[in-house]
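Hello,

The structure we talked about is below. My notes on it follow.

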Amino acid sequence: MTDDKSVNGSPVSEFEDRKKKVSDLRAAGAQPYPERFARSHTAAQARAAGEKEAPRDLEVIGGKPRADIITCGRIMLMRPHGRLTFARLQDHTGQIQICFMKDILGEDAYAMLKKIDVADFLG
């Protein structure tokens, strides 16, 4: 039994849907299966660093990501809420919640979130 989905009105298998997403990521210049990803922090270290610091105001963020924390893991949960998407990222040390904001990422980068599925690895 297959679980058919619809892409542009035509039914396709989950496998075909995933192939299209990988193709779209490559067309956008992303490497969906990199050999390596150099992280600076595990999830536990990133969480600990975030707990030590006070929350930042949007004006302070100024559209720039935190360059001092680079982490990676498997997406365990994604919850889109309009112009905001929350995700749970997990590695061997635990989980952290990450937030994608359309106003910060921009329209094109935020649209790429539709190419990411639960269980994908993200860095």
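A119 counts as partly exposed, at 38% relative accessibility. Please keep in mind that this is a predicted model. A119 sits in the loop between helix 5 (107-111) and strand 6. Its backbone is worth a look: A119 has a positive phi of about 90 degrees, although it is not a glycine. Most residues other than glycine have a negative phi.

Two glycines also take a positive phi. G29, just after helix 1, has a value of about 95 degrees. G82 has one near 70 degrees and belongs to the hairpin of strand 3 and strand 4, which has two residues between the strands.

Next, the sheet. It is open, has four strands in the order 5-4-3-6, and its pairing is antiparallel. Strand 5 and strand 6 (121-122) stand at the edges with a single partner strand each, so one side of each has no neighbour in the sheet. Strand 3 and strand 4 run antiparallel and are joined by seven bridges; within this pair, L77 has R88 of strand 4 as its bridge partner. Between strand 4 and strand 5, also antiparallel, there are eight bridges. Here A87 stands opposite I98 of strand 5, and L89 has I96 of strand 5 as its bridge partner. Strand 4 and strand 5 form a hairpin as well, with two residues between them.

How do the side chains along strand 4 point? They alternate: T85, A87, L89 and D91 are buried and point to one face, whereas L84, F86, R88 and Q90 point to the other and are not buried. In a regular strand, side chains alternate between the two faces of the sheet.

T85, in strand 4 (residues 84-91), can be described in more detail. Its relative accessible area is 4%, which makes T85 buried, the cut-off being under 20%. The T85 side chain makes a polar contact with the side chain of Y110, at 2.6 Å. Leaving out residues up to four places away in sequence, T85 touches M78, R79, P80, I98, C99, F100, Y110 and L113.

Which residues make up the largest nonpolar core? There are 11 of them: A43, A46, I75, M78, A87, L89, I96, F100, Y110, L113 and I116. Helix 2 (43-52), strand 3 (73-81), strand 4 and strand 5 (94-101) each supply at least two residues of this core. One of its members, A46, is in contact with H41, I69 and I96, if neighbours within four places in sequence are set aside. Y110, the polar contact partner of T85, is also a member of this core.

Last, helix 1. This helix covers residues 14-27, which is 14 residues, and spans 20 Å from its first C-alpha to its last, close to the 20 Å expected at 1.5 Å a residue. Its buried residues are D17, K21, V22, D24 and L25. They cover an arc of only 160 degrees around the axis, which puts them on the same side of helix 1. An α-helix has 3.6 residues a turn, so residues three or four places apart point the same way. On the other side of helix 1, F15 and A27 are exposed.

Regards

Conventions. Residues numbered from 1 in each chain as written. Predicted model: local features only at pLDDT ≥ 70, side-chain atom pairs only at ≥ 80, totals over all residues. Heavy atoms only, no water. Expected span 1.5 Å × (residues − 1). Buried < 20%, exposed > 50% of the residue type's maximum accessible area, 1.4 Å probe, protein only. Arc of directions from axis to C-beta. Polar contact = N/O pair within 3.5 Å; in protein donor to acceptor, adjacent residues only side chain to side chain. Contact = heavy atoms within 4.5 Å. Core = buried A, V, L, I, M, F, W, Y, C linked by side-chain atoms within 4.5 Å. Pairing = 2+ DSSP bridges.
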